[in-house]
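Trainee: I have a model open and I'd like to learn how to read its features one by one. Could you walk me through it?

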2 protein chains.
Amino acid sequence: MVKRISLAHGEGGELTHQLIQDIFIKSFNHQQHTLLDAALFKSTSETLAVTTDSYVVKPIFFPGGDIGKLAITGTVNDLAVSGAIPKVITAGFIIEEGFPINELKTIVQSMAREAIHAEVSIIAGDIKVVEKGCVDSLFINTTGIGVIEDAQALQPEKIQVGDYVILSGTIGDHGVAILSAREELGLMTDIVSDCASLNHVTQNLLKKVDGIRLMRDPTRGGLATTLVELCEDFHFSVELDELRIPIRQEVEGACDILGFEPMYLANEGKVVIIVDANEKDAVLNILKNHEITKEATVIGQVVACSERKGKLFMTTPIGSKRRLFRLSGLLLPRIC
Amino acid sequence: MVKRISLAHGEGGELTHQLIQDIFIKSFNHQQHTLLDAALFKSTSETLAVTTDSYVVKPIFFPGGDIGKLAITGTVNDLAVSGAIPKVITAGFIIEEGFPINELKTIVQSMAREAIHAEVSIIAGDIKVVEKGCVDSLFINTTGIGVIEDAQALQPEKIQVGDYVILSGTIGDHGVAILSAREELGLMTDIVSDCASLNHVTQNLLKKVDGIRLMRDPTRGGLATTLVELCEDFHFSVELDELRIPIRQEVEGACDILGFEPMYLANEGKVVIIVDANEKDAVLNILKNHEITKEATVIGQVVACSERKGKLFMTTPIGSKRRLFRLSGLLLPRIC
């Protein structure tokens with residue numbers, strides 16, 4: 001029995017065929033293998049949402065997840081926050097020669113488990129194998145397609161002064177989990193990655209609440225970069241209250257030691273929501289009823305701004321106000 | 001002016017934002033940047049085809065193309081041979097720290113040019129940067145979505161003894177072009193890669209000819225592996241005539257010197273078609289009218305086979321018949 005991936009596994013011949021049969025078809029439980037070069041699916045809506053992401057997280061196994069789970073949740077969440085119902089996902093693997101086949105199996109099964117949980121089908125895939133030293137163990141690209149049933153569900157053009165900014169839980173958990181998994185940093189914490197699929201939560205919100213203007217998952221670049229982008233792209237300004245931003249003590253502690261700023265650390269299972277002031281409580285009630293968003297809270301409000309280009313501000317505990325910018329320069333590579 | 005990709009370009013902050021604006025948005029000519037985490041598109045059919053591929057070709061520039069052009073043609077062709085009309089493509093880049101920005105620009109522009117030619121839109125993308133030594137220069141994943149307007153256009157279940165096997169042109173050109181670009185092999189030829197988008201040809205065929213049973217592009221694993229897979233998956237047997245398989249003299253020469261078998265070398269702009277005997281001439285006429293398929297010819301026929309599992313045979317110039325199998329073991333890594 002072969003225990004490691006060889007270059008021949010990526011050549012499209014006999015070994016590729018066996019690998020696909022033994023690991024992928026079984027794990028992804030393909031009932032109906034179309035045998036075509038492309039997979040087919042029926043769309044229930046004419047408007048579709050599409051997103052793509054490559055995952056290069058290091059290490060590939062970390063507290064709370066692995067690169068496989070992350071590749072599903074990350075792509076599911078990009079669709080979910082865009083107001084789509086995620087339906088199908090493709091998975092492209094680039095694997096280093098010598099990679100242990102049992103680890104590949106673990107990762108593929110982790111993807112399969114999360115896909116079932118998020119109710120998406122992994123319908124097409126690809127495997128490439130490159131020589132030792134030409135890729136760092138394993139990278140995964142996932143591309144997701146979702147259907148948009150109500151194109152008016154999100155209305156960023158209605159954002160107005162007084163709208164609330166709600167965050168679904170603590171920030172920085174994923175970033176610190178990755179740091180602690182990189183043992184060379186000598187950091188030991190109990191923090192696990194928050195990586196989780198948010199689509200059931202977002203679908204519930206969009207079904208039950210009118211007045212959700214925008215949603216976004218604050219991943220790479222963290223909460224600060226995400227909000228700066230939204231402010232600039234959609235021309236509104238936000239004032240955050242530093243005291244209201246939920247951060248676990250261990251995350252704060254780790255950041256203090258290592259010199260990181262939690263506002264810029266990646267999250268992989270959080271959503272930030274801009275909502276009509278009248279619907280704030282409805283949103284909070286729904287979020288508090290889902291396990292992964294039960295720590296949801298209001299963190300700020302849309303404020304007046306004299307310029308067209310929106311800005312992000314944060315009021316500190318002593319009452320001063322500072323402007324926040326996009327992440328600039330290098331913080332933490334290979335976080336997702 | 002920054003000349004090389006740095007890790008910060010992949011962190012989702014200010015530099016990522018600039019890179020996307022300067023290179024991707026401009027080259028891909030995004031008229032309507034949705035500003036959402038997912039791109040939206042309207043489907044003209046409820047049946048969609050989806051395919052994904054990662055491109056790790058080495059070197060990234062080769063005679064007749066580059067990794068960017070290949071990433072578009074390869075994904076367009078997988079949709080095309082499945083009977084779909086390619087519509088949208090996503091592009092995920094994994095880039096090595098230090099990669100020259102002008103080379104990235106060349107590759108992105110090459111993708112843009114081929115996308116225009118193939119009439120597909122590149123609607124979503126992702127950039128990850130990894131440390132020097134953690135990826136070999138640059139890998140691209142493309143995922144394509146196409147619409148299937150007539151689900152009955154391909155009818156593999158009707159394959160019968162006497163059906164013809166047509167090949168759209170010479171084999172092995174891409175494989176030998178890559179070999180010659182890897183200068184260390186000391187091989188000099190004038191052969192250029194055949195990489196080309198086949199969708200206009202396949203759409204024309206499906207519109208004008210009834211009786212096309214199956215199409216496939218013989219890429220990784222070559223013509224032999226592709227036909228063995230079709231025979232096994234769809235339960236029919238094929239007898240090829242070795243003398244009828246078009247191979248350029250330079251390709252044959254290079255294979256003789258290096259010990260490669262052209263039947264197993266990758267092609268990136270060829271299609272093999274199984275067609276009802278009555279429609280053979282109609283298919284050939286159409287193929288001969290397209291520049292990239294003008295050397296099309298019949299290479300074999302579907303033959304009777306006693307077993308359910310189909311087999312591939314080839315009659316040699318001296319009249320003997322030998323069975324061909326899938327590519328087994330290692331031939332030529334990083335061909336696409």
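Mentor: Happy to. Start with the vocabulary: helices and strands here are DSSP runs, numbered from the N terminus, with at least four residues for a helix (H or I) and at least two for a strand (E). With that in hand, A:His235 can be placed in the loop between helix 6 (222-234) and strand 10 (237-241) of chain A. Keep in mind as we go that this is a predicted model.

Trainee: Predicted, fine. What is the mean pLDDT of chain A?

Mentor: pLDDT is the predictor's confidence in each residue, from 0 to 100. For chain A the mean is 93, and 96% of its residues reach 70 or more. As for the complex, the predictor gives an ipTM of 0.94 and a pTM of 0.95.

Trainee: Back to A:His235, then. What is its phi near?

Mentor: Near 60°, which is a positive value in a residue other than glycine. A:Ser137 is another case: not a glycine, yet its phi is positive, about 65°. You'll find A:Ser137 in the loop between strand 6 (121-130) and strand 7 (138-147) of chain A.

Trainee: Why does A:Ser137 count as buried?

Mentor: Buried means under 20% relative accessible area, exposed means over 50%, and partly exposed is in between. A:Ser137 has 18% relative accessibility, so it counts as buried. A:His235 has 37%, so it counts as partly exposed.

Trainee: Now peptide bonds. Which bond in chain A is cis, with omega near 0°?

Mentor: Look at the step from A:Lys58 to A:Pro59. A:Pro59 sits in the loop between strand 2 (47-55) and strand 3 (61-62) of chain A. Over in chain B, a cis peptide bond joins B:Lys58 and B:Pro59, with omega about 0°. B:Pro59 belongs to the loop between strand 2 (47-55) and strand 3 (61-62) of chain B.

Trainee: And surface charge? Which residues gather in a patch of negative charge?

Mentor: Those are A:Glu242, A:Glu252, A:Asp256 and A:Glu261, on the surface. Take A:Asp256, found in helix 7 (residues 249-258) of chain A. Its relative accessibility is 63%, so A:Asp256 counts as exposed.

Trainee: One last stop, in chain B. What separates the C-alpha atoms of B:Ala282 and B:Leu258?

Mentor: A distance of 38 Å, with the two residues 24 apart along the chain. B:Ala282 is part of helix 8 (residues 280-288) of chain B. At 29% relative accessibility, B:Ala282 counts as partly exposed.

Technical notes
Residues numbered from 1 in each chain as written. Chains lettered and ligands numbered in written order. Predicted model: local features only at pLDDT ≥ 70, side-chain atom pairs only at ≥ 80, totals over all residues. Heavy atoms only, no water. Patch = residues over 30% accessible without salt bridge, like charges linked within 9 Å, V, L, I, M, F, W, Y side chains within 5 Å. Areas by Shrake-Rupley, 256 points an atom, 1.4 Å probe, with all protein chains shown as cover. Salt bridge = Lys/Arg side-chain N within 4 Å of Asp/Glu carboxyl O. Lys, Arg positive; Asp, Glu negative; His and termini not counted. Charge placed at Lys NZ, Arg CZ, Asp CG, Glu CD. Buried < 20%, exposed > 50% of the residue type's maximum accessible area, 1.4 Å probe, protein only.
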